[in-house]
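Open the model in your viewer and keep the selection panel at hand. The tour goes from the whole chain to single residue pairs.

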Amino acid sequence: QVQLVESGGGLVQPGGSLRLSCAASGINFSIYTMGWYRQAPGKQRELVATITSGGSTDYADSVKGRFTISRDNAKNTLYLQMNSLNREDTAVYYCKANRVGTYWGQGTQVTVSS
């Protein structure tokens with residue numbers, strides 16, 4: 001059974017930082033392209049960042065220079081370091097695994113507010 005479990009979300013002030021984690025089980029994590037997506041209230045889910053099995057990364061323009069995606073294949077864990085957060089980053093953040101099938105986590109809420 002495949003499971004992707006996100007953690008690390010919460011309430012943070014504008015300008016603050018958070019680090020999200022996504023723990024994967026039931027898949028050969030190292031061969032999957034992994035991604036972070038987010039969905040704000042009333043909006044469609046959007047891509048935040050992706051990282052391939054080889055470590056190549058890609059980012060949405062809105063987060064370039066502020067967010068960093070990384071992975072630890074030994075721990076089957078995906079990360080998203082988020083710095084300089086602003087209110088527009090408020091959303092539910094989901095991790096996604098894609099290769100042989102596509103799998104989603106349940107999401108973790110990030111709220112940026114003073």
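Begin with contacts across the whole protein. Among contacts with a separation of 6 or more, 54% join residues 24 or more positions apart. Keep in mind that this is a predicted model.

**Whole chain.** Show the cartoon. The protein has eleven strands and zero helices. Its radius of gyration is 13 Å, close to the 13 Å that the globule rule gives for 114 residues, so the protein is as compact as a globular protein of that length. Along the principal axes, the C-alpha trace spans about 40 × 25 × 25 Å. Now switch on the surface. About 5900 Å² is exposed, and carbon and sulfur atoms supply 43% of that area. Of the 114 residues, 42% are buried.

**Strand 4.** Select residues 33-39. Is this strand largely enclosed or open? Five of its seven residues are buried, so strand 4 is largely enclosed by the rest of the structure.

Add residues 91-99, which are strand 9. Strands 4 and 9 run antiparallel and are joined by seven bridges. Zoom in on Trp 36: its bridge partner in strand 9 is Cys 95.

Next, add strand 5, residues 46-51. Strand 5 pairs with strand 4 through five bridges, again in the antiparallel sense. Pick Met 34 and look across to Ile 51, its bridge partner in strand 5. Then follow the chain from strand 4 into strand 5. The two form a hairpin with six residues between them. Stop at Gly 42 in the turn, where phi is positive, about 75°.

**The four-stranded sheet.** Hide that hairpin and turn to another set of strands. Which order do the strands of the open sheet follow? The order is 1-3-8-7, with antiparallel pairing. Strand 1 (3-7) and strand 7 (67-72) are the edge strands, each pairing on one side only. From one strand to the next, the twist averages 15°.

Select strand 7 with strand 8, residues 77-82. Six bridges join this antiparallel pair. One place to look is Thr 68, whose bridge partner in strand 8 is Gln 81.

**The core.** Show side chains last. In soluble globular proteins, nonpolar side chains tend to be buried together. Here the largest nonpolar core holds 30 residues. Which of them touch the most other members? Select Trp 36, Leu 78, Leu 80, Met 82 and Tyr 93. Color the elements that give two or more residues to this core: strands 3 (18-25), 4, 5, 7, 8, 9 and 11 (108-112).

Conventions
Residues are numbered from 1 along each chain as its sequence is written. This is a predicted model: local features need pLDDT of at least 70, side-chain atom pairs count only at pLDDT 80 or more; totals for chains, interfaces and linings use all residues. Side-chain values use heavy atoms; hydrogens and water are left out. Buried means under 20% relative accessible area, exposed over 50%, partly exposed in between (1.4 Å probe, protein chains only). Two strands pair if DSSP finds at least two bridges between them. Axes are lines fitted to C-alpha atoms, for helices over the stretch in contact, and angles run from 0 to 180 degrees between N-to-C directions. A nonpolar core is a set of buried Ala, Val, Leu, Ile, Met, Phe, Trp, Tyr and Cys residues joined through side-chain atoms within 4.5 Å. The radius of gyration is taken over C-alpha atoms; the globule rule is 2.2 Å times the number of residues to the power 0.38. Contact means heavy atoms within 4.5 Å. Accessible areas come from the Shrake-Rupley method with a 1.4 Å probe; for residues, only the protein chains shown count as cover.
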